[in-house]
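Me: Please choose one part of this model and look at it closely with me. I am a first-year student and would like each term explained along the way.

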Amino acid sequence: MNPLKKLMGETVIYGFSTILGRFINWLLVPLYTRVLSPVDNGIFTNLMGYVALLVVLLTYGTETGFFRFATKDNKDRVFSTLLTSLLFTSTLFLLLCFSFLPQIVSFLEVGNHPIYFVLLIVTIAIDVVSTLPFALLRMEGKALRFGVIKFVNIIINVGLNLFFYLLCPFLEKKGISVPFYQADGGVVYIFISYLVSSICTLVMLFPYIFRFKFVFSFSLLKDILKYSYPILIVSVAGMINLQGDKILMPKILGDGEEALAITGIYGASYKLALVMYIFTQGFRFAFEPFFFNYAKHSDSKKIYQDVLLYFTGFGLMIFLGVMYFLDVLKYFLGSEYFSGLTI
């Protein structure tokens with residue numbers, strides 16, 4: 001098969017699962033901006049910025065390292081070594097977070113709601129461990145299976161959000177009490193939904209985790225980390241570029257609910273650019289394994305040039321489309337959030 005056609009086909013599968021999942025998740029934006037106050041949305045936006053950065057730090061480039069070092073003969077050894085490393089560092093991360101819980105929630109200004117942070121750190125640890133089985137599916141070209149698991153994750157997450165923010169209030173109005181639901185729960189139900197969906201995803205990945213025998217090689221891990229640390233630095237820099245604004249805004253604007261409200265308006269408006277993110281994410285999932293698998297071909301340089309050309313062209317078209325239809329897309333947000341559209 002023509003390598004460009006193969007890459008485009010896998011991009012469509014990865015992209016479709018990402019697009020469908022992200023689009024369904026995107027439909028939660030109108031819900032959040034209508035049932036949550038800008039302050040609650042600000043808390044959600046701010047904390048998810050930290051989550052995105054921590055996931056990058058705690059995976060420390062192991063996905064790309066796996067693609068680089070795993071071959072048909074030593075795939076088991078590389079997978080088991082990296083999974084052991086991720087399990088160890090994720091456990092250490094949880095222990096440190098729980099040890100300094102009061103100080104961390106105070107810094108994050110969620111001291112009145114430490115449960116937010118507890119739910120998120122457990123979710124982060126689970127998601128970090130899940131990255132390697134997902135990388136294995138990508139390496140083995142099982143794009144459809146990858147997409148199905150991702151889609152199930154989104155369905156569970158969205159279903160729980162609809163349950164907590166639409167069905168439970170409806171039942172309460174009808175006089176039907178839901179024991180574990182509190183009307184003033186705010187964003188806690190978003191974090192509960194994330195945690196449950198992450199647990200279900202990890203369970204679905206168990207067959208790919210437990211099919212390998214336990215093998216750990218410190219020398220191999222050392223080589224992978226030596227290769228991966230520049231990728232980690234670049235990834236952290238990229239994530240700070242993407243999420244640093246949402247992390248820093250409450251600190252820069254000052255303490256108090258007004259700063260969180262502005263952050264919430266900003267974060268909700270930012271999500272209107274999700275279409276561009278979906279495209280780049282779907283492309284990255286397909287291109288990373290393709291890049292390493294095709295590197296030894298004589299025409300690899302020409303193929304990579306063509307890939308860059310098409311990626312840039314499609315990216316520009318999506319950007320122009322979002323800007324042109326902004327007057328329509330803005331109604332995904334509650335009117336309370338229109339002041340942030342200029343971003």
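Reply: Let's start where helix H5 meets helix H10: Arg 77, Val 78, Thr 81, Leu 82 and Ser 85 in H5 touch Ser 219, Leu 220, Leu 221 and Ile 224 in H10. Contact here means heavy atoms within 4.5 Å, and helices are DSSP runs (H or I, at least four residues) numbered from the N terminus. Keep in mind that this is a predicted model, where local features need pLDDT of at least 70 and side-chain atom pairs count only at pLDDT 80 or more, while totals for chains, interfaces and linings use all residues. Residues are numbered from 1 along each chain as its sequence is written, and side-chain values use heavy atoms, leaving out hydrogens and water.

H5 spans residues 75-99, and its axis comes within 10 Å of the H10 axis, with a crossing of roughly 80°. An axis is a line fitted to C-alpha atoms over the stretch in contact, and angles between N-to-C directions run from 0 to 180 degrees. That angle makes H5 roughly perpendicular to H10, a label used for 65 to 115 degrees. By class, their contact has 5 nonpolar, 3 polar and 1 charged residues. Ala, Val, Leu, Ile, Met, Phe, Trp, Tyr, Cys and Pro count as nonpolar, Asp, Glu, Lys and Arg as charged, and the others as polar.

Now follow H10, residues 218-253, to the largest cavity. H10 gives the most to its lining, with 3 residues. Helix H3 (38-59) joins H10 in supplying at least two lining residues each. A cavity is a set of points on a 1 Å grid where a 1.4 Å probe fits but cannot get out, and lining residues have an atom within 4 Å of a point.

The full lining is Asn 46, Tyr 50, Phe 107, Leu 108, Glu 109, Ile 247, Pro 250, Lys 251 and Leu 260. These divide into 6 nonpolar, 1 polar and 2 charged. The space inside is about 50 Å³, where volume is the space filled by probe spheres set on the points.

The structure holds 2 cavities of 30 Å³ or more. The second largest has a volume of about 40 Å³, and H3 provides the largest share of its lining, 3 residues. Around it you will find Ile 43, Asn 46, Leu 47, Leu 108, Glu 109, Val 110 and Leu 260, which fall into 5 nonpolar, 1 polar and 1 charged. Try spotting Asn 46, Leu 108, Glu 109 and Leu 260, which appear in both linings.

How values were computed. On a 1 Å grid over the protein atoms alone, a cavity is a set of points where a 1.4 Å probe fits but cannot get out, and a pocket is an open set with protein on both sides within 12 Å along at least five of seven lines; lining residues have an atom within 4 Å of a point. Angles under 35 degrees count as roughly parallel, over 145 as roughly antiparallel, 65 to 115 as roughly perpendicular and the rest as oblique.
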